[in-house]
Amino acid sequence: MSEEIEFDTAGITKKFMYVNRKAPYGTIYALEVLEAVLISAAFEQHACIVFVDDGVYQIKKGQDTEAVNMKNFSKTYGIIEMEKEDADEDEDMDMEWRIIVEKESMEARGLSPDDFVVAVEVIPSDELAVIMAEQEIVISG
Amino acid sequence: MKFGILVNEGPFTHQASDSAYHFVKAAIEKGHQVMRVFFYYDGVNNANKLSAPQSDDRNLVKLWGELATEHNVDLVVCIAAALRRGIVEDNLADGFRISGLGQLTEVGIAADRLVVFGD
């Protein structure tokens with residue numbers, strides 16, 4: 001195995017965006033984006049966690065995966081919400097997290113903010129495009 | 001410029017890994033620095049040394065390894081994604097190393113640009 005390499009990231013805060021585009025269980029992208037988001041919390045970076053297209057189903061309440069024999073990871077999104085609240089409350093921490101649902105995707109699927117397991121900001125696609133353009137790192141799945 | 005690269009798909013089903021390979025090669029030839037290539041999702045399959053494509057086809061696993069050796073490029077495979085897909089030290093191809101997802105966040109912070117190859 002090659003030697004572990006580390007970069008000095010001390011004191012640098014960047015804007016990360018995680019774009020969730022896929023339904024939660026048809027592919028592994030939702031679960032693995034979630035894992036990436038959770039790891040990034042340790043680095044105290046800004047993060048927008050965005051749900052668009054069928055990705056909005058990832059945070060829908062009342063998921064039951066028993067029949068498809070897959071791990072129901074929808075409760076884990078609560079950790080993202082906790083990280084966001086911690087960041088909001090801690091004035092010494094320069095870290096802002098946002099949980100965003102694209103308005104058009106939500107409405108096209110007959111959903112409303114009450115249907116989600118976490119509190120979200122609902123933002124129309126034209127405004128979301130502006131936020132996306134402001135990001136420094138965009139990771140999607 | 002200092003680049004970080006994220007490869008999200010395996011070596012054959014999708015073109016993403018080929019495109020990433022050509023991008024990294026071209027960037028280095030132009031004098032840029034590639035700080036790290038991080039392999040995530042099915043991208044971890046790029047590090048499977050048991051991969052044996054037909055002899056008249058490109059062997060991306062080998063090509064990545066050669067690039068790493070020639071230009072000292074850090075090729076990192078996500079451990080969580082790798083274990084799920086049966087990529088372990090025993091079948092890890094030359095030039096790659098297995099590490100945590102934090103290495104992706106880290107290169108995102110440290111590089112000027114993180115370029116993502118996937119679907």
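These are legends for a set of close-up views of a predicted model with two chains, A and B.

**View 1. Chain A, from one end to the other.** Start by counting: chain A has 4 helices and 5 strands. If you walk along it from the N terminus, the elements come up as β-α-β-α-β-α-β-α-β. The radius of gyration is 16 Å, close to the 14 Å that the globule rule gives for 141 residues, so chain A is as compact as a globular protein of that length. Along the principal axes, the C-alpha trace of chain A spans about 45 × 40 × 25 Å. Of its 141 residues, 33% are buried. Now look at the contacts in chain A between residues at least 6 apart in sequence: 69% of them join residues at least 24 apart.

**View 2. The sheet of chain A.** Here you're looking at an open sheet of 5 strands in chain A, lined up in the order β4-β3-β2-β1-β5 with parallel pairing. Which strands stand at the edges? They are β4 (121-123) and β5 (137-140) of chain A; each has a single partner strand, so one side of each is left without a neighbour in the sheet. The strands aren't perfectly lined up, either: neighbours in this sheet are turned by 25° against each other on average, direction ignored.

**View 3. Zooming in on β1 and β5 of chain A.** Strand β1 (residues 15-20) of chain A runs parallel to β5(A), and 4 bridges join the two. For one residue to find on screen, try Phe16(A): its bridge partner in β5(A) is Ile137(A). As a quick reminder, strands of a sheet pair through backbone hydrogen bonds, either parallel or antiparallel.

**View 4. A helix across the sheet of chain A.** Helix α4 (residues 125-134) of chain A lies across five strands: β1, β2 (46-51), β3 (97-102), β4 and β5 of chain A. It runs at about 145° to β3(A).

**View 5. Chain B, from one end to the other.** What does the secondary structure of chain B come to? You'll find 4 helices and 5 strands, and from the N terminus on they run β-α-β-α-β-α-β-α-β. The radius of gyration of chain B is 13 Å, close to the 14 Å that the globule rule gives for 119 residues, so chain B is as compact as a globular protein of that length. Its C-alpha atoms fill a box of roughly 35 × 30 × 25 Å along the principal axes. Buried residues account for 51% of the 119 residues in chain B. Among the contacts in chain B with a separation of 6 or more, 73% are between residues 24 or more positions apart.

**View 6. The sheet of chain B and its helices.** In chain B, 5 strands make an open sheet with parallel pairing, in the order β4-β3-β2-β1-β5. The edges belong to β4 and β5 of chain B, each pairing on one side only. On average, neighbouring strands here are turned by 25° against each other, direction ignored. Strand β3 (residues 75-78) of chain B pairs with β4(B) in the parallel sense over 4 bridges, and Cys78(B) stands opposite Ser99(B) in β4(B). Helix α4(B) packs on this sheet, touching β1, β2, β3, β4 and β5 of chain B, and its direction makes about 155° with that of β2(B). Then there's helix α1 (residues 16-29) of chain B, which lies across β1 (2-7), β2 (33-39) and β5 of chain B, at about 165° to β1(B).

**View 7. Where the two chains touch.** At this meeting place, 22 residues of chain B are in contact with 23 residues of chain A. On the chain B side, α3 (79-84), β4 (96-99), α4 (102-110) and β5 (113-117) each supply at least two residues. Which element gives the largest share of that side? That's α4(B), with 8 residues. By class, the chain B side has 14 nonpolar, 4 polar and 4 charged residues.

**View 8. The largest nonpolar core.** This core has 72 residues, and those with the most contacts inside it include Tyr18(A), Val50(A), Val37(B) and Phe38(B). Helix α1 (residues 29-40) of chain A gives the most to this core, with 7 residues. Take a closer look at Phe38(B): leaving aside its neighbours within four places in sequence, its contacts include Ile5(B), Leu6(B), Val76(B), Cys78(B) and Leu104(B).

Definitions and conventions:
Residues numbered from 1 in each chain as written. Chains lettered and ligands numbered in written order. Predicted model: local features only at pLDDT ≥ 70, side-chain atom pairs only at ≥ 80, totals over all residues. Core = buried A, V, L, I, M, F, W, Y, C linked by C-beta atoms within 7 Å. Buried ≥ 20, exposed ≤ 12 C-beta atoms within 10 Å, placed from the backbone. Contact = placed C-beta atoms within 7 Å. Nonpolar A, V, L, I, M, F, W, Y, C, P; charged D, E, K, R; others polar. Pairing = 2+ DSSP bridges. Axes fitted to C-alpha atoms, helices over the stretch in contact; angles between N-to-C directions. Rg over C-alpha atoms; globule rule 2.2 N^0.38 Å.
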